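This report is meant to be read with the sequence and the structure side by side. Please keep both in view and look up each residue as it is named.

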Amino acid sequence: MMVAMRSEATPEQIEAVLARIRAEGLTPLELPGGERTAIGIASAIPVDLREPLAQSLEAMAGVDHVAHISRPYKLASREFISADTVFTVGEVAFGGPEVVVLAGPCAIESEAQLRAAAMAVKQAGARGLRGGAFKPRTSPYSFQGLGEEGLALLAAVAAELDMITVTEVMDSHDVERVAAHADILQIGARNMQNYSLLIAAGETGHPILLKRGPGASLDELLLAAEYCLSRGSNRVLLCERGVHALDHTYTRNVLDLSAVPVLKEVSHLPVAIDPSHATGVARYVPAMCRAAVAAGADALLIEVHPEPSCALCDGPQSLAPPVFAALMDDLRALAALGGRCVYDPRKSEKP
Ligand code: PEP
Ligand code: MN
């Protein structure tokens with residue numbers, strides 16, 4: 001942390017700032033400049049003191065501004081854990097050489113629909129089955145998901161096909177029952193800053209797929225991850241799914257692909273891309289999947305529906321099974337170029 005004093009700050013004001021820092025047991029470092037003095041802090045600042053201390057210093061007479069030098073998050077940061085985090089869910093490793101594909105319908109609609117989607121994505125090489133049982137819909141009149149019945153279907157179909165599962169939990173009161181049925185808890189874009197939900201999900205110790213809110217900065221996403229990490233979950237998969245930006249004429253959101261290299265630089269956590277919600281248009285999804293693999297994404301979350309035109313939720317962005325299967329072949333070729341792999345069920349060994 002660095003405190004920049006105003007150019008007209010008096011020696012007494014500078015001394016008061018030094019004393020305030022010393023009062024916290026920290027060592028201030030006075031750096032007189034040509035025009036103004038800056039004050040650094042030579043000792044490590046406890047993470048829970050950073051914000052209150054910065055705010056208190058910023059309010060002191062003679063202070064121009066306070067700048068943070070190190071990142072506001074700790075457990076999510078490479079400053080704290082320098083090596084890539086690789087974690088497993090069942091037999092599937094996230095953050096390793098495999099680019100893990102999680103696919104399935106937006107919403108679980110029926111046993112037949114889920115089974116058809118699951119068989120198609122499994123056959124094409126998806127490792128995980130996605131499907132929403134609790135759906136965050138913009139309109140209260142839209143299909144809200146099958147709830148508990150959907151959770152049971154997801155667990156049953158995935159067990160039959162030996163797939164891991166991911167499904168959204170929308171409310172902290174539902175965390176336990178969703179965790180009892182699913183391998184990965186999805187925290188959706190709308191809930192990225194629902195702190196009681198982040199805490200409850202973190203406390204389960206379950207793997208978490210955390211989506212970036214459409215208006216959230218990457219620091220806000222990492223601080224949301226910090227909530228889960230600091231409560232005991234050490235398996236957090238960050239997910240970029242498109243942000244709000246200038247032009248929504250052609251796509252539902254704008255996919256921020258630079259989030260992949262940036263997040264992987266500042267954080268050790270694996271990074272997923274969800275091109276379905278980012279584009280909102282099925283015919284744009286394959287190009288964005290390819291781009292995500294080229295950018296270094298560790299996982300993809302893709303919506304696939306056996307009959308997209310009949311989907312109760314997000315049909316226009318859902319891939320039909322043959323399109324998904326062709327895409328998976330493209331992704332295998334692309335991943336190999338970058339020294340990575342996408343699971344191929346035609347080859348017997350798993351990555
Ligand atoms: C979803 O995955 O179906 C979903 C609702 O995602 P998001 O939170 O990104 O909108
Ligand atoms: Mn969806």
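Helices and strands are DSSP runs, a helix having at least four residues and a strand at least two, and they are numbered from the N terminus. With these labels, one can say that Asp-314 is found in the loop between E14 and H11. The model described here is a predicted one.

## The chain as a whole

The chain contains eleven helices and 14 strands, and its C-alpha atoms fill a box of roughly 75 × 45 × 40 Å when this is taken along the principal axes. Of the 351 residues in the chain, 52% are buried, while the area that the chain exposes comes to about 15,000 Å², with carbon and sulfur atoms supplying 55% of it.

The contacts can also be sorted by the separation of the two residues in sequence. Among contacts between residues at least 6 apart in sequence, 66% join residues that are at least 24 apart.

## The manganese site

Which residues coordinate the manganese ion (ligand 2)? The donors are Cys-106 through SG, His-277 through NE2, Glu-303 through OE and Asp-314 through OD, at 2.0 to 2.4 Å. Along the chain, these donors follow the spacing C-x170-H-x25-E-x10-D. Cys-106 lies in the loop between strand E7 (100-104) and helix H3 (111-124), whereas Glu-303 belongs to strand E14 (residues 299-303), so this pair ties together parts that are 197 residues apart in sequence.

Residues count as buried when their relative accessible area is under 20%. Cys-106 is therefore buried, since its relative accessible area is 2%, and Glu-303 is buried because its relative accessibility is 1%. Asp-314, at 16% relative accessibility, also counts as buried. The backbone of Asp-314 deserves a further look, as this residue has a positive phi of about 60° although it is not a glycine.

## The surroundings of ligand 1

Ligand 1 is surrounded by 13 residues, and the closest are Arg-130, Lys-135, Ala-189, Lys-211 and Arg-241. When the residues of this shell are sorted by character, three are nonpolar, three are polar and seven are charged.

Several side chains place an N or O atom at a short listed distance from an oxygen atom of ligand 1. For Arg-241 the distance is 2.6 Å, for Arg-190 it is 3.1 Å, and for His-277 it is 3.1 Å. The protein covers 98% of the 290 Å² of accessible area that ligand 1 has on its own. His-277 thus appears in two descriptions: its NE2 atom coordinates the manganese ion (ligand 2), and its side chain has an N or O atom 3.1 Å from an oxygen atom of ligand 1.

## Arginines that reach backbone oxygens

Arg-78 lies in the loop between strand E4 (63-67) and strand E5 (87-89), and it is partly exposed, with a relative accessible area of 21%. Its C-alpha atom is separated by 5.6 Å from that of Val-266, although the two residues are 188 residues apart along the chain. The side chain of Arg-78 reaches the backbone oxygen of Lys-264 at 2.8 Å, and a polar contact of 2.5 Å joins the side chains of Arg-78 and Asp-84. If neighbours within four places in sequence are left aside, the residues in contact with Arg-78 include Ala-83, Glu-265, Ser-267 and His-268.

Arg-340 is placed in the segment after helix H11 (321-337). A polar atom of the Arg-340 side chain lies 3.2 Å from the backbone oxygen of Ala-297. Beyond its neighbours within four places in sequence, Arg-340 is in contact with several residues, among them Gly-96, Pro-97, Glu-98, Gly-296 and Asp-298.

## Two further loop residues

Is Ser-233 buried or exposed? Ser-233 is buried, with a relative accessible area of 0%, and it is found in the loop between helix H7 (218-230) and strand E12 (236-240). The side chain of Ser-233 reaches the backbone oxygen of His-206 at 2.9 Å. Not counting residues up to four places away in sequence, Ser-233 touches Gly-202, Gly-205, His-206, Ile-208 and Cys-228.

Asp-162 is placed in the loop between helix H4 (148-161) and strand E9 (164-168), and at 53% relative accessibility it counts as exposed. The phi of Asp-162 is near 55°, which is a positive value in a residue other than glycine.

Key: Residues numbered from 1 in each chain as written. Chains lettered and ligands numbered in written order. Predicted model: local features only at pLDDT ≥ 70, side-chain atom pairs only at ≥ 80, totals over all residues. Heavy atoms only, no water. Donors = N, O, S within 2.8 Å, 3.2 Å for Na, K, Ca; no water. Buried < 20%, exposed > 50% of the residue type's maximum accessible area, 1.4 Å probe, protein only. Near = heavy atom within 4 Å. Polar contact = N/O pair within 3.5 Å; in protein donor to acceptor, adjacent residues only side chain to side chain. Areas by Shrake-Rupley, 256 points an atom, 1.4 Å probe, with all protein chains shown as cover. Nonpolar A, V, L, I, M, F, W, Y, C, P; charged D, E, K, R; others polar. Contact = heavy atoms within 4.5 Å.
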